[in-house]
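Q: Could you take a close look at one part of this model for me, and then show how its neighbours and a few other spots fit around that part? I'd enjoy a connected walk-through.

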Amino acid sequence: MIEVTGLTKRYGKKTAVDNLTFTIRRGEIVGFLGPNGAGKSTTMNMLTGYIAPTVGTVYVNGYNMMDAPEKAKEYVGYLPEIPPLYMDMTVDEYLNFVFGLKKCKFPRKEHLNEICEVVRIGHVRHRMVRNLSKGYRQRVGLAQALINDPRILILDEPTVGLDPKEIVEIRNLILKLGQTRTVILSSHVLSEIQAICERVIIVNEGHLVADALTEDLARSTTANSRYVVRLAAPEDQVVPVLSQIPGMLRVEMKGSMEPGTVDVLIEAEKDVDIRRALFEECAKRGWYILVITPVGVSLEDIFLQLVDESKSTEPADGPLTLDEANPSEETKEDDAQ
Amino acid sequence: MIAILKRELVGFFKNSTAYLILSIYAFMSALFFGLNVVLQNTSYMGYYFGLWLFIVNIIIVSVLAMRFFSEERKNRTDQLIFTSPVSITGVVLGKYLGGMAVYVACTLINLVYVFIIDMFGSPDGGTNLANFIGTILLGCTMVAIALFVSSLTENAIVAAGGTAAVFLLLMMVDFVASFLYGLLPAWMKWFPDALQKMNIFLWYDNFAGGILDLTAVVFYLSVSAVFLFLTARVLERRRWR
(Lines give C-alpha, C1' and ligand atoms only; values in the text may rest on other atoms or scores of the structure.)
Protein backbone atom coordinates (compact mmCIF):
# COMPACT_ATOMS: atom_id res chain seq x y z
CA MET A 1 0.00 0.00 0.00
CA ILE A 2 2.79 2.42 0.97
CA GLU A 3 6.38 1.76 -0.01
CA VAL A 4 9.02 4.11 1.30
CA THR A 5 12.58 3.73 0.08
CA GLY A 6 15.60 5.69 1.26
CA LEU A 7 13.48 8.64 2.30
CA THR A 8 15.68 11.57 3.28
CA LYS A 9 14.90 15.22 3.90
CA ARG A 10 17.60 17.80 4.45
CA TYR A 11 17.04 21.43 5.40
CA GLY A 12 20.38 22.99 4.56
CA LYS A 13 22.93 21.10 6.64
CA LYS A 14 20.32 19.65 9.00
CA THR A 15 19.03 16.21 8.13
CA ALA A 16 15.49 15.94 9.44
CA VAL A 17 14.81 12.47 8.06
CA ASP A 18 17.61 10.11 7.17
CA ASN A 19 17.24 7.17 4.82
CA LEU A 20 13.92 5.73 6.04
CA THR A 21 12.80 2.54 4.35
CA PHE A 22 9.64 0.66 5.24
CA THR A 23 6.53 -0.84 3.70
CA ILE A 24 3.02 -0.59 5.07
CA ARG A 25 0.56 -3.22 3.95
CA ARG A 26 -3.17 -2.89 3.33
CA GLY A 27 -5.26 -2.85 6.50
CA GLU A 28 -2.41 -2.26 8.96
CA ILE A 29 -2.66 0.23 11.81
CA VAL A 30 0.86 1.50 12.20
CA GLY A 31 2.13 3.75 14.93
CA PHE A 32 4.84 6.20 14.04
CA LEU A 33 6.61 6.89 17.25
CA GLY A 34 9.40 9.20 18.22
CA PRO A 35 10.30 12.01 20.57
CA ASN A 36 9.56 15.61 19.58
CA GLY A 37 11.78 16.64 16.67
CA ALA A 38 12.43 13.04 15.61
CA GLY A 39 11.20 13.70 12.06
CA LYS A 40 7.68 12.27 12.38
CA SER A 41 5.79 15.21 10.93
CA THR A 42 8.37 15.71 8.18
CA THR A 43 7.94 12.05 7.20
CA MET A 44 4.13 12.40 7.27
CA ASN A 45 4.40 15.49 5.08
CA MET A 46 6.50 13.56 2.58
CA LEU A 47 4.14 10.58 2.63
CA THR A 48 1.24 12.89 1.78
CA GLY A 49 3.09 14.86 -0.89
CA TYR A 50 3.06 18.15 1.00
CA ILE A 51 6.82 18.37 0.80
CA ALA A 52 9.22 16.60 -1.50
CA PRO A 53 12.00 14.36 -0.22
CA THR A 54 15.60 15.37 -0.87
CA VAL A 55 16.33 11.75 -1.73
CA GLY A 56 14.15 8.66 -1.84
CA THR A 57 10.76 7.63 -3.09
CA VAL A 58 7.24 7.19 -1.74
CA TYR A 59 4.88 4.88 -3.60
CA VAL A 60 1.20 4.95 -2.66
CA ASN A 61 -0.77 2.06 -4.08
CA GLY A 62 1.80 1.78 -6.86
CA TYR A 63 1.86 5.49 -7.72
CA ASN A 64 4.99 7.54 -7.15
CA MET A 65 4.14 10.58 -5.04
CA MET A 66 6.51 12.77 -7.05
CA ASP A 67 5.75 11.55 -10.56
CA ALA A 68 1.99 11.04 -10.24
CA PRO A 69 1.04 13.14 -7.20
CA GLU A 70 -2.60 13.70 -8.11
CA LYS A 71 -3.20 9.97 -8.57
CA ALA A 72 -1.30 9.02 -5.40
CA LYS A 73 -3.10 11.64 -3.30
CA GLU A 74 -6.48 10.18 -4.26
CA TYR A 75 -5.75 7.27 -1.92
CA VAL A 76 -4.67 9.34 1.05
CA GLY A 77 -6.58 11.22 3.73
CA TYR A 78 -4.38 13.40 5.93
CA LEU A 79 -5.00 15.07 9.25
CA PRO A 80 -1.98 17.23 10.06
CA GLU A 81 -1.02 18.10 13.62
CA ILE A 82 -2.88 21.41 13.32
CA PRO A 83 -6.16 20.64 11.52
CA PRO A 84 -6.26 22.68 8.28
CA LEU A 85 -9.52 24.49 8.95
CA TYR A 86 -10.90 27.76 7.63
CA MET A 87 -12.17 29.68 10.62
CA ASP A 88 -14.47 31.87 8.52
CA MET A 89 -16.54 28.93 7.25
CA THR A 90 -19.26 26.86 8.84
CA VAL A 91 -18.55 23.15 9.21
CA ASP A 92 -20.96 22.44 6.37
CA GLU A 93 -19.35 24.98 4.02
CA TYR A 94 -15.94 23.61 4.89
CA LEU A 95 -16.87 20.01 4.19
CA ASN A 96 -18.53 21.00 0.92
CA PHE A 97 -15.36 22.84 -0.07
CA VAL A 98 -13.19 19.81 0.72
CA PHE A 99 -15.64 17.57 -1.17
CA GLY A 100 -15.08 19.70 -4.28
CA LEU A 101 -11.35 20.10 -3.69
CA LYS A 102 -10.83 16.35 -3.50
CA LYS A 103 -12.96 15.83 -6.59
CA CYS A 104 -15.24 13.32 -4.88
CA LYS A 105 -17.67 11.43 -7.08
CA PHE A 106 -20.12 10.31 -4.37
CA PRO A 107 -23.65 11.72 -3.99
CA ARG A 108 -22.70 14.85 -2.08
CA LYS A 109 -25.51 15.14 0.47
CA GLU A 110 -25.64 11.48 1.47
CA HIS A 111 -21.87 11.17 1.63
CA LEU A 112 -21.41 14.22 3.84
CA ASN A 113 -24.22 13.03 6.12
CA GLU A 114 -22.49 9.69 6.44
CA ILE A 115 -19.10 11.26 7.25
CA CYS A 116 -20.67 13.57 9.83
CA GLU A 117 -22.35 10.59 11.43
CA VAL A 118 -19.09 8.61 11.60
CA VAL A 119 -17.16 11.42 13.31
CA ARG A 120 -20.25 12.61 15.19
CA ILE A 121 -20.33 16.25 14.16
CA GLY A 122 -23.88 16.27 12.77
CA HIS A 123 -25.12 18.67 15.44
CA VAL A 124 -22.41 21.28 14.80
CA ARG A 125 -22.62 21.38 11.02
CA HIS A 126 -24.10 24.85 10.92
CA ARG A 127 -21.68 26.34 13.42
CA MET A 128 -18.67 28.43 12.46
CA VAL A 129 -15.43 26.50 12.73
CA ARG A 130 -13.86 29.24 14.86
CA ASN A 131 -16.54 28.69 17.52
CA LEU A 132 -15.86 24.97 17.92
CA SER A 133 -13.92 23.41 20.79
CA LYS A 134 -10.53 21.83 20.14
CA GLY A 135 -12.08 18.37 20.22
CA TYR A 136 -14.69 19.24 17.63
CA ARG A 137 -12.12 20.95 15.42
CA GLN A 138 -10.14 17.72 15.52
CA ARG A 139 -13.26 15.81 14.49
CA VAL A 140 -13.91 18.21 11.62
CA GLY A 141 -10.26 17.73 10.61
CA LEU A 142 -10.81 13.99 10.67
CA ALA A 143 -13.99 14.38 8.60
CA GLN A 144 -11.97 16.33 6.05
CA ALA A 145 -9.45 13.51 5.88
CA LEU A 146 -12.23 10.97 5.33
CA ILE A 147 -14.16 12.83 2.65
CA ASN A 148 -12.50 11.15 -0.33
CA ASP A 149 -13.04 7.76 1.36
CA PRO A 150 -9.28 7.16 1.39
CA ARG A 151 -7.74 3.72 1.65
CA ILE A 152 -4.93 5.24 3.69
CA LEU A 153 -5.50 7.52 6.63
CA ILE A 154 -2.50 9.45 7.93
CA LEU A 155 -2.99 11.12 11.29
CA ASP A 156 -0.32 13.34 12.80
CA GLU A 157 -0.64 13.57 16.58
CA PRO A 158 -4.46 13.39 16.45
CA THR A 159 -5.06 13.63 20.20
CA VAL A 160 -2.69 16.46 21.11
CA GLY A 161 -4.39 19.06 23.30
CA LEU A 162 -7.59 17.06 23.83
CA ASP A 163 -9.10 16.32 27.22
CA PRO A 164 -9.09 12.70 28.45
CA LYS A 165 -12.69 12.04 27.36
CA GLU A 166 -12.02 13.40 23.90
CA ILE A 167 -8.81 11.35 23.67
CA VAL A 168 -10.72 8.14 24.37
CA GLU A 169 -13.40 9.08 21.83
CA ILE A 170 -10.88 9.90 19.10
CA ARG A 171 -8.94 6.68 19.81
CA ASN A 172 -12.10 4.61 19.52
CA LEU A 173 -12.93 6.39 16.31
CA ILE A 174 -9.48 5.64 14.89
CA LEU A 175 -9.84 1.98 15.85
CA LYS A 176 -13.20 1.88 14.10
CA LEU A 177 -11.79 3.54 10.98
CA GLY A 178 -8.84 1.15 11.05
CA GLN A 179 -11.17 -1.79 10.48
CA THR A 180 -11.54 -0.83 6.84
CA ARG A 181 -8.45 1.25 6.16
CA THR A 182 -4.70 1.40 6.47
CA VAL A 183 -3.96 3.87 9.26
CA ILE A 184 -0.65 5.55 10.02
CA LEU A 185 -0.73 7.32 13.33
CA SER A 186 2.08 9.51 14.53
CA SER A 187 2.45 10.21 18.20
CA HIS A 188 4.95 10.75 20.94
CA VAL A 189 2.42 9.42 23.45
CA LEU A 190 3.47 5.81 23.90
CA SER A 191 0.31 4.55 25.56
CA GLU A 192 -1.66 5.79 22.60
CA ILE A 193 0.36 3.74 20.14
CA GLN A 194 0.14 0.73 22.46
CA ALA A 195 -3.64 1.10 22.67
CA ILE A 196 -4.30 1.52 18.96
CA CYS A 197 -1.52 0.16 16.80
CA GLU A 198 -0.60 -3.38 15.92
CA ARG A 199 2.72 -2.33 14.48
CA VAL A 200 5.11 0.40 15.52
CA ILE A 201 7.82 2.25 13.66
CA ILE A 202 10.15 4.12 15.97
CA VAL A 203 12.26 7.01 14.72
CA ASN A 204 14.79 9.10 16.52
CA GLU A 205 16.75 12.03 15.12
CA GLY A 206 15.49 11.10 11.66
CA HIS A 207 16.73 7.51 11.84
CA LEU A 208 14.65 4.35 11.89
CA VAL A 209 15.22 2.77 15.30
CA ALA A 210 12.71 -0.08 15.20
CA ASP A 211 9.97 -1.47 12.98
CA ALA A 212 8.07 -4.31 14.60
CA LEU A 213 4.70 -5.60 15.76
CA THR A 214 3.89 -3.87 19.05
CA GLU A 215 3.67 -7.09 21.08
CA ASP A 216 6.73 -8.66 19.44
CA LEU A 217 8.69 -5.53 20.12
CA ALA A 218 7.84 -5.84 23.80
CA ARG A 219 8.83 -9.51 23.75
CA SER A 220 12.03 -9.05 21.78
CA THR A 221 13.37 -6.24 23.90
CA THR A 222 12.36 -7.77 27.22
CA ALA A 223 15.17 -10.00 28.36
CA ASN A 224 13.42 -11.60 31.33
CA SER A 225 9.97 -12.32 32.78
CA ARG A 226 9.03 -10.51 35.97
CA TYR A 227 6.29 -10.99 38.55
CA VAL A 228 5.25 -9.49 41.83
CA VAL A 229 4.27 -12.35 44.20
CA ARG A 230 2.37 -12.03 47.49
CA LEU A 231 3.28 -14.87 49.81
CA ALA A 232 2.05 -15.96 53.24
CA ALA A 233 5.49 -17.04 54.37
CA PRO A 234 8.20 -16.25 56.94
CA GLU A 235 9.69 -12.96 55.81
CA ASP A 236 13.32 -13.84 56.61
CA GLN A 237 13.27 -17.06 54.56
CA VAL A 238 11.62 -15.84 51.38
CA VAL A 239 14.62 -14.29 49.63
CA PRO A 240 17.17 -17.06 50.31
CA VAL A 241 14.72 -19.83 49.39
CA LEU A 242 13.36 -18.30 46.21
CA SER A 243 16.83 -17.32 45.03
CA GLN A 244 17.73 -21.03 44.91
CA ILE A 245 15.06 -21.84 42.31
CA PRO A 246 16.74 -22.72 38.97
CA GLY A 247 16.30 -19.92 36.42
CA MET A 248 15.66 -17.23 39.03
CA LEU A 249 17.73 -14.14 38.47
CA ARG A 250 16.53 -11.73 41.10
CA VAL A 251 14.35 -11.71 44.20
CA GLU A 252 13.61 -8.38 45.77
CA MET A 253 11.51 -7.64 48.85
CA LYS A 254 8.79 -5.10 48.21
CA GLY A 255 7.40 -4.97 51.74
CA SER A 256 4.16 -6.14 53.32
CA MET A 257 0.86 -4.91 51.91
CA GLU A 258 -1.39 -7.00 54.20
CA PRO A 259 -0.76 -8.58 57.60
CA GLY A 260 1.14 -11.90 57.60
CA THR A 261 2.24 -11.59 53.95
CA VAL A 262 5.21 -10.32 52.01
CA ASP A 263 5.40 -8.97 48.46
CA VAL A 264 8.45 -9.89 46.42
CA LEU A 265 9.51 -8.98 42.93
CA ILE A 266 10.96 -11.95 41.13
CA GLU A 267 12.74 -11.91 37.81
CA ALA A 268 13.50 -15.08 35.89
CA GLU A 269 15.42 -15.87 32.75
CA LYS A 270 13.65 -15.40 29.44
CA ASP A 271 11.78 -18.54 28.26
CA VAL A 272 11.69 -19.97 31.79
CA ASP A 273 8.18 -20.27 33.25
CA ILE A 274 9.21 -19.64 36.82
CA ARG A 275 5.64 -19.92 38.13
CA ARG A 276 5.65 -23.76 38.21
CA ALA A 277 8.93 -24.01 40.09
CA LEU A 278 7.76 -21.25 42.44
CA PHE A 279 4.54 -23.14 43.17
CA GLU A 280 6.38 -26.41 43.86
CA GLU A 281 8.88 -24.71 46.18
CA CYS A 282 6.18 -22.91 48.15
CA ALA A 283 3.98 -26.06 48.37
CA LYS A 284 6.95 -28.05 49.68
CA ARG A 285 7.40 -25.53 52.50
CA GLY A 286 3.72 -24.97 53.21
CA TRP A 287 3.79 -21.36 52.03
CA TYR A 288 0.72 -19.87 50.37
CA ILE A 289 0.86 -17.95 47.10
CA LEU A 290 -1.90 -15.36 47.36
CA VAL A 291 -1.25 -13.25 44.27
CA ILE A 292 1.00 -13.45 41.21
CA THR A 293 1.00 -10.31 39.06
CA PRO A 294 3.04 -10.26 35.87
CA VAL A 295 5.04 -7.05 35.53
CA GLY A 296 4.73 -6.08 31.88
CA VAL A 297 7.27 -3.97 30.12
CA SER A 298 5.59 -0.87 28.79
CA LEU A 299 6.26 0.53 25.39
CA GLU A 300 7.70 3.47 27.24
CA ASP A 301 10.52 1.30 28.63
CA ILE A 302 11.16 -0.18 25.20
CA PHE A 303 11.09 3.18 23.56
CA LEU A 304 13.59 4.69 25.97
CA GLN A 305 15.76 1.61 25.66
CA LEU A 306 15.75 1.73 21.85
CA VAL A 307 16.30 5.47 21.67
CA ASP A 308 19.21 5.19 24.09
CA GLU A 309 20.63 2.30 22.07
CA SER A 310 20.26 4.22 18.83
CA LYS A 311 22.28 7.07 20.31
CA SER A 312 25.05 4.81 21.54
CA THR A 313 25.34 2.47 18.52
CA GLU A 314 26.54 3.08 15.01
CA PRO A 315 23.81 3.36 12.36
CA ALA A 316 25.47 0.43 10.61
CA ASP A 317 24.00 -1.83 13.29
CA GLY A 318 20.66 -1.11 11.70
CA PRO A 319 17.21 -0.87 13.23
CA LEU A 320 15.23 -3.66 14.81
CA THR A 321 13.20 -4.90 11.87
CA LEU A 322 9.82 -6.48 11.59
CA ASP A 323 11.43 -9.80 10.61
CA GLU A 324 13.81 -9.79 13.55
CA ALA A 325 11.07 -9.02 16.03
CA ASN A 326 8.56 -11.33 14.44
CA PRO A 327 10.37 -14.21 12.75
CA SER A 328 8.48 -15.81 9.90
CA GLU A 329 7.17 -19.37 10.22
CA GLU A 330 9.99 -20.53 7.99
CA THR A 331 12.60 -18.94 10.26
CA LYS A 332 10.95 -20.37 13.34
CA GLU A 333 11.05 -23.83 11.79
CA ASP A 334 14.71 -23.37 10.92
CA ASP A 335 15.41 -22.36 14.51
CA ALA A 336 13.61 -25.46 15.77
CA GLN A 337 15.67 -27.72 13.56
CA MET B 1 -9.65 24.88 -9.53
CA ILE B 2 -13.39 25.56 -9.22
CA ALA B 3 -13.33 24.53 -5.53
CA ILE B 4 -10.42 26.91 -4.86
CA LEU B 5 -12.19 29.73 -6.73
CA LYS B 6 -15.36 29.20 -4.67
CA ARG B 7 -13.34 29.11 -1.46
CA GLU B 8 -11.63 32.37 -2.44
CA LEU B 9 -14.95 34.08 -3.07
CA VAL B 10 -16.40 32.77 0.20
CA GLY B 11 -13.23 33.91 1.98
CA PHE B 12 -13.33 37.38 0.46
CA PHE B 13 -16.99 37.96 1.15
CA LYS B 14 -17.31 36.10 4.47
CA ASN B 15 -14.79 38.21 6.26
CA SER B 16 -14.58 41.90 5.59
CA THR B 17 -11.87 41.84 2.88
CA ALA B 18 -14.14 42.18 -0.16
CA TYR B 19 -16.33 44.81 1.51
CA LEU B 20 -13.27 46.74 2.62
CA ILE B 21 -11.88 46.67 -0.91
CA LEU B 22 -15.21 47.64 -2.48
CA SER B 23 -15.62 50.48 0.03
CA ILE B 24 -12.13 51.82 -0.63
CA TYR B 25 -12.69 51.63 -4.37
CA ALA B 26 -16.13 53.28 -4.19
CA PHE B 27 -14.93 56.10 -1.96
CA MET B 28 -11.73 56.90 -3.83
CA SER B 29 -13.18 56.51 -7.30
CA ALA B 30 -16.05 58.83 -6.35
CA LEU B 31 -13.51 61.34 -5.07
CA PHE B 32 -11.40 61.18 -8.25
CA PHE B 33 -14.49 61.25 -10.47
CA GLY B 34 -15.66 64.37 -8.68
CA LEU B 35 -12.25 66.04 -8.98
CA ASN B 36 -11.38 65.03 -12.55
CA VAL B 37 -14.76 65.00 -14.29
CA VAL B 38 -17.51 66.82 -12.35
CA LEU B 39 -15.42 69.77 -11.17
CA GLN B 40 -13.73 70.01 -14.57
CA ASN B 41 -17.18 70.30 -16.10
CA THR B 42 -16.43 67.68 -18.75
CA SER B 43 -17.91 64.40 -19.93
CA TYR B 44 -14.47 63.09 -20.95
CA MET B 45 -13.49 60.31 -18.54
CA GLY B 46 -9.96 59.73 -19.88
CA TYR B 47 -8.45 61.79 -17.04
CA TYR B 48 -10.42 59.82 -14.49
CA PHE B 49 -9.10 56.49 -15.82
CA GLY B 50 -5.54 57.67 -15.42
CA LEU B 51 -3.04 58.07 -12.63
CA TRP B 52 -5.70 58.46 -9.95
CA LEU B 53 -7.28 55.14 -10.72
CA PHE B 54 -3.85 53.49 -10.71
CA ILE B 55 -3.45 54.59 -7.09
CA VAL B 56 -6.82 53.06 -6.16
CA ASN B 57 -5.81 49.88 -7.98
CA ILE B 58 -2.51 49.69 -6.11
CA ILE B 59 -4.32 49.96 -2.78
CA ILE B 60 -7.00 47.35 -3.50
CA VAL B 61 -4.68 44.84 -5.17
CA SER B 62 -2.26 45.13 -2.23
CA VAL B 63 -5.12 44.32 0.15
CA LEU B 64 -6.02 41.36 -2.08
CA ALA B 65 -2.41 40.11 -1.83
CA MET B 66 -2.82 39.69 1.92
CA ARG B 67 -5.24 36.84 1.44
CA PHE B 68 -3.84 34.79 -1.42
CA PHE B 69 -1.11 32.46 -0.16
CA SER B 70 0.24 34.28 2.89
CA GLU B 71 -2.87 33.61 4.95
CA GLU B 72 -3.07 29.99 3.79
CA ARG B 73 0.50 29.39 4.92
CA LYS B 74 0.02 31.20 8.19
CA ASN B 75 -3.09 29.17 9.06
CA ARG B 76 -1.58 25.92 7.68
CA THR B 77 -4.59 25.44 5.42
CA ASP B 78 -2.14 25.09 2.55
CA GLN B 79 -1.52 21.57 3.92
CA LEU B 80 -5.07 20.66 2.94
CA ILE B 81 -4.74 22.17 -0.52
CA PHE B 82 -1.36 20.70 -1.37
CA THR B 83 -2.18 17.21 -0.09
CA SER B 84 -5.39 17.10 -2.12
CA PRO B 85 -5.46 15.63 -5.62
CA VAL B 86 -5.28 19.04 -7.30
CA SER B 87 -2.49 20.40 -9.49
CA ILE B 88 -0.46 23.45 -8.52
CA THR B 89 -1.61 25.12 -11.74
CA GLY B 90 -5.19 24.54 -10.63
CA VAL B 91 -4.48 26.09 -7.24
CA VAL B 92 -2.80 29.15 -8.79
CA LEU B 93 -5.58 29.68 -11.33
CA GLY B 94 -8.29 29.24 -8.70
CA LYS B 95 -6.69 31.86 -6.48
CA TYR B 96 -6.08 34.16 -9.43
CA LEU B 97 -9.64 34.00 -10.70
CA GLY B 98 -10.92 34.61 -7.17
CA GLY B 99 -8.82 37.77 -6.96
CA MET B 100 -9.89 38.84 -10.43
CA ALA B 101 -13.55 38.40 -9.52
CA VAL B 102 -13.19 40.89 -6.67
CA TYR B 103 -11.19 43.25 -8.90
CA VAL B 104 -13.80 43.12 -11.66
CA ALA B 105 -16.57 43.73 -9.08
CA CYS B 106 -14.69 46.88 -8.11
CA THR B 107 -14.32 48.12 -11.68
CA LEU B 108 -18.05 47.69 -12.21
CA ILE B 109 -18.51 50.59 -9.78
CA ASN B 110 -17.24 52.79 -12.63
CA LEU B 111 -20.42 52.04 -14.55
CA VAL B 112 -22.25 54.29 -12.08
CA TYR B 113 -20.15 57.23 -13.25
CA VAL B 114 -20.84 56.43 -16.89
CA PHE B 115 -24.60 56.50 -16.11
CA ILE B 116 -24.18 59.83 -14.31
CA ILE B 117 -22.41 61.31 -17.35
CA ASP B 118 -25.12 59.82 -19.55
CA MET B 119 -27.80 61.61 -17.51
CA PHE B 120 -26.19 65.04 -17.72
CA GLY B 121 -24.16 64.93 -20.92
CA SER B 122 -23.03 62.66 -23.73
CA PRO B 123 -20.40 60.09 -22.70
CA ASP B 124 -17.80 59.00 -25.23
CA GLY B 125 -18.76 55.33 -25.55
CA GLY B 126 -15.59 54.29 -27.40
CA THR B 127 -13.25 55.90 -24.90
CA ASN B 128 -15.13 54.46 -21.97
CA LEU B 129 -15.17 50.96 -23.47
CA ALA B 130 -11.43 51.10 -24.21
CA ASN B 131 -10.81 52.30 -20.65
CA PHE B 132 -12.89 49.49 -19.21
CA ILE B 133 -10.97 46.91 -21.24
CA GLY B 134 -7.67 48.57 -20.29
CA THR B 135 -8.60 48.63 -16.59
CA ILE B 136 -9.45 44.94 -16.64
CA LEU B 137 -6.21 44.06 -18.48
CA LEU B 138 -4.14 46.19 -16.12
CA GLY B 139 -5.92 44.42 -13.26
CA CYS B 140 -5.02 41.02 -14.76
CA THR B 141 -1.35 41.95 -14.57
CA MET B 142 -1.54 43.61 -11.16
CA VAL B 143 -3.39 40.66 -9.57
CA ALA B 144 -0.87 38.21 -11.10
CA ILE B 145 2.01 40.22 -9.61
CA ALA B 146 0.21 40.37 -6.22
CA LEU B 147 -0.31 36.60 -6.32
CA PHE B 148 3.39 36.11 -6.97
CA VAL B 149 4.46 38.39 -4.11
CA SER B 150 1.98 36.67 -1.79
CA SER B 151 3.50 33.29 -2.62
CA LEU B 152 6.87 34.49 -1.33
CA THR B 153 5.83 35.23 2.25
CA GLU B 154 3.56 33.95 5.00
CA ASN B 155 3.21 37.40 6.50
CA ALA B 156 0.09 39.11 5.17
CA ILE B 157 1.39 42.60 5.93
CA VAL B 158 4.65 41.91 4.10
CA ALA B 159 2.62 40.56 1.15
CA ALA B 160 0.53 43.76 0.99
CA GLY B 161 3.51 46.08 1.55
CA GLY B 162 5.65 44.14 -0.94
CA THR B 163 2.95 44.29 -3.59
CA ALA B 164 2.48 48.04 -3.14
CA ALA B 165 6.26 48.53 -3.23
CA VAL B 166 6.57 46.61 -6.52
CA PHE B 167 3.89 48.76 -8.16
CA LEU B 168 5.40 51.99 -6.86
CA LEU B 169 8.82 50.91 -8.13
CA LEU B 170 7.31 50.15 -11.53
CA MET B 171 5.86 53.67 -11.56
CA MET B 172 9.22 55.15 -10.63
CA VAL B 173 10.95 53.24 -13.42
CA ASP B 174 9.58 55.91 -15.75
CA PHE B 175 11.42 58.68 -13.91
CA VAL B 176 14.63 56.67 -13.75
CA ALA B 177 14.39 55.97 -17.49
CA SER B 178 13.91 59.68 -18.28
CA PHE B 179 16.87 60.53 -16.08
CA LEU B 180 19.09 57.91 -17.73
CA TYR B 181 17.98 58.99 -21.20
CA GLY B 182 19.71 62.37 -20.71
CA LEU B 183 22.87 60.82 -19.32
CA LEU B 184 23.55 57.87 -21.59
CA PRO B 185 25.18 58.07 -25.06
CA ALA B 186 23.03 57.43 -28.14
CA TRP B 187 24.07 53.80 -28.56
CA MET B 188 22.92 53.08 -24.98
CA LYS B 189 19.47 54.63 -25.37
CA TRP B 190 17.94 51.20 -25.77
CA PHE B 191 18.41 50.67 -22.03
CA PRO B 192 16.13 53.45 -20.72
CA ASP B 193 13.70 52.57 -23.52
CA ALA B 194 13.56 48.98 -22.32
CA LEU B 195 13.32 50.13 -18.71
CA GLN B 196 10.39 52.36 -19.58
CA LYS B 197 8.58 49.46 -21.19
CA MET B 198 8.60 47.67 -17.82
CA ASN B 199 6.20 50.24 -16.43
CA ILE B 200 2.90 48.42 -16.65
CA PHE B 201 1.01 51.69 -16.10
CA LEU B 202 2.60 53.33 -19.12
CA TRP B 203 1.06 50.72 -21.40
CA TYR B 204 -2.34 52.00 -20.32
CA ASP B 205 -1.92 55.39 -22.10
CA ASN B 206 -3.52 54.35 -25.38
CA PHE B 207 -6.56 52.86 -23.61
CA ALA B 208 -7.02 56.16 -21.74
CA GLY B 209 -7.13 57.90 -25.10
CA GLY B 210 -9.81 55.48 -26.34
CA ILE B 211 -7.50 53.32 -28.46
CA LEU B 212 -7.68 49.54 -28.18
CA ASP B 213 -3.92 48.92 -28.35
CA LEU B 214 -3.34 45.28 -29.34
CA THR B 215 0.36 45.46 -28.39
CA ALA B 216 -0.67 46.49 -24.90
CA VAL B 217 -3.26 43.69 -24.79
CA VAL B 218 -0.53 41.17 -25.65
CA PHE B 219 1.85 42.78 -23.14
CA TYR B 220 -0.62 42.64 -20.26
CA LEU B 221 -1.66 39.06 -20.99
CA SER B 222 1.96 37.93 -21.39
CA VAL B 223 3.13 39.55 -18.15
CA SER B 224 0.14 38.02 -16.34
CA ALA B 225 0.99 34.57 -17.70
CA VAL B 226 4.66 34.97 -16.71
CA PHE B 227 3.79 35.89 -13.11
CA LEU B 228 1.27 33.06 -12.82
CA PHE B 229 3.95 30.69 -14.05
CA LEU B 230 6.46 32.12 -11.57
CA THR B 231 3.94 31.73 -8.74
CA ALA B 232 3.48 28.06 -9.61
CA ARG B 233 7.27 27.64 -9.66
CA VAL B 234 7.65 29.29 -6.24
CA LEU B 235 5.02 26.95 -4.76
CA GLU B 236 6.61 23.93 -6.38
CA ARG B 237 10.08 24.99 -5.26
CA ARG B 238 8.94 25.38 -1.66
CA ARG B 239 8.11 21.68 -1.54
CA TRP B 240 11.72 20.90 -2.39
CA ARG B 241 13.38 23.24 0.12
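A: Happy to. This is a predicted model, and a good place to begin is Tyr86(A), which is buried because 22 other C-beta atoms lie within 10 Å, where 20 or more are needed to count as buried. Tyr86(A) sits in the loop between strand 6 (76–79) and helix 3 of chain A. Leaving aside residues up to four places away in sequence, Tyr86(A) touches Tyr94(A), Val129(A) and, from the other chain, Thr77(B). Lys73(A) is 13 residues from Tyr86(A) along the chain, and their C-alpha atoms are 21 Å apart.

The touch with Thr77(B) leads us to the interface. There, 22 residues of chain A are in contact with 20 residues of chain B. On the chain A side, the elements that give two or more residues are helix 2 (69–73) and helix 3 (91–101). Helix 3 of chain A supplies the largest share of that side, with 4 residues.

Next come two helices that pack against each other. Helix 4 (residues 108–119) and helix 5 of chain A meet at an angle of about 135°, with their axes 10 Å apart, which makes helix 4 of chain A oblique to helix 5 of chain A. The crossing of helix 4 past helix 5 of chain A is right-handed. On helix 4 of chain A, the contact is made by Ile115(A), Cys116(A), Val118(A) and Val119(A); helix 5 of chain A answers with Arg139(A), Leu142(A), Ala143(A) and Leu146(A).

Helix 5 (134–146) also helps to cover the buried residues of helix 6 of chain A, and the cover includes strand 7 (152–156), strand 8 (182–187) and helix 7 (190–196) as well. Helix 6 (residues 164–177) of chain A has 14 residues and spans 20 Å from first C-alpha to last, close to the 20 Å expected at 1.5 Å a residue. Its buried residues are Ile167(A), Ile170(A), Ile174(A) and Leu177(A). Seen down the axis of helix 6 of chain A, these buried residues fall within an arc of 90°, so they line one face of the helix. An α-helix has 3.6 residues a turn, so residues three or four places apart point the same way. The face of helix 6 of chain A turned away from the buried side carries the exposed residues Pro164(A), Lys165(A), Asn172(A) and Lys176(A).

For a contrast with the buried tyrosine, try Pro234(A), which is exposed, with 11 other C-beta atoms within 10 Å. Pro234(A) lies in the loop between strand 11 (225–232) and helix 9 (235–243) of chain A.

Terms used:
Residues are numbered from 1 along each chain as its sequence is written. Chains are lettered from A and ligands numbered from 1 in the order in which they are written. This is a predicted model: local features need pLDDT of at least 70, side-chain atom pairs count only at pLDDT 80 or more; totals for chains, interfaces and linings use all residues. The expected span of a helix is 1.5 Å times one less than its number of residues. A residue is buried if 20 or more other C-beta atoms lie within 10 Å of its own, exposed if 12 or fewer, and partly exposed in between; C-beta atoms are placed from the backbone. The arc is that of the directions from the helix axis to the C-beta atoms. Two residues are in contact if their C-beta atoms, placed from the backbone, lie within 7 Å. Axes are lines fitted to C-alpha atoms, for helices over the stretch in contact, and angles run from 0 to 180 degrees between N-to-C directions. Angles under 35 degrees count as roughly parallel, over 145 as roughly antiparallel, 65 to 115 as roughly perpendicular and the rest as oblique. A crossing is left-handed if the near helix is turned anticlockwise from the far one by less than a right angle, and right-handed if clockwise.
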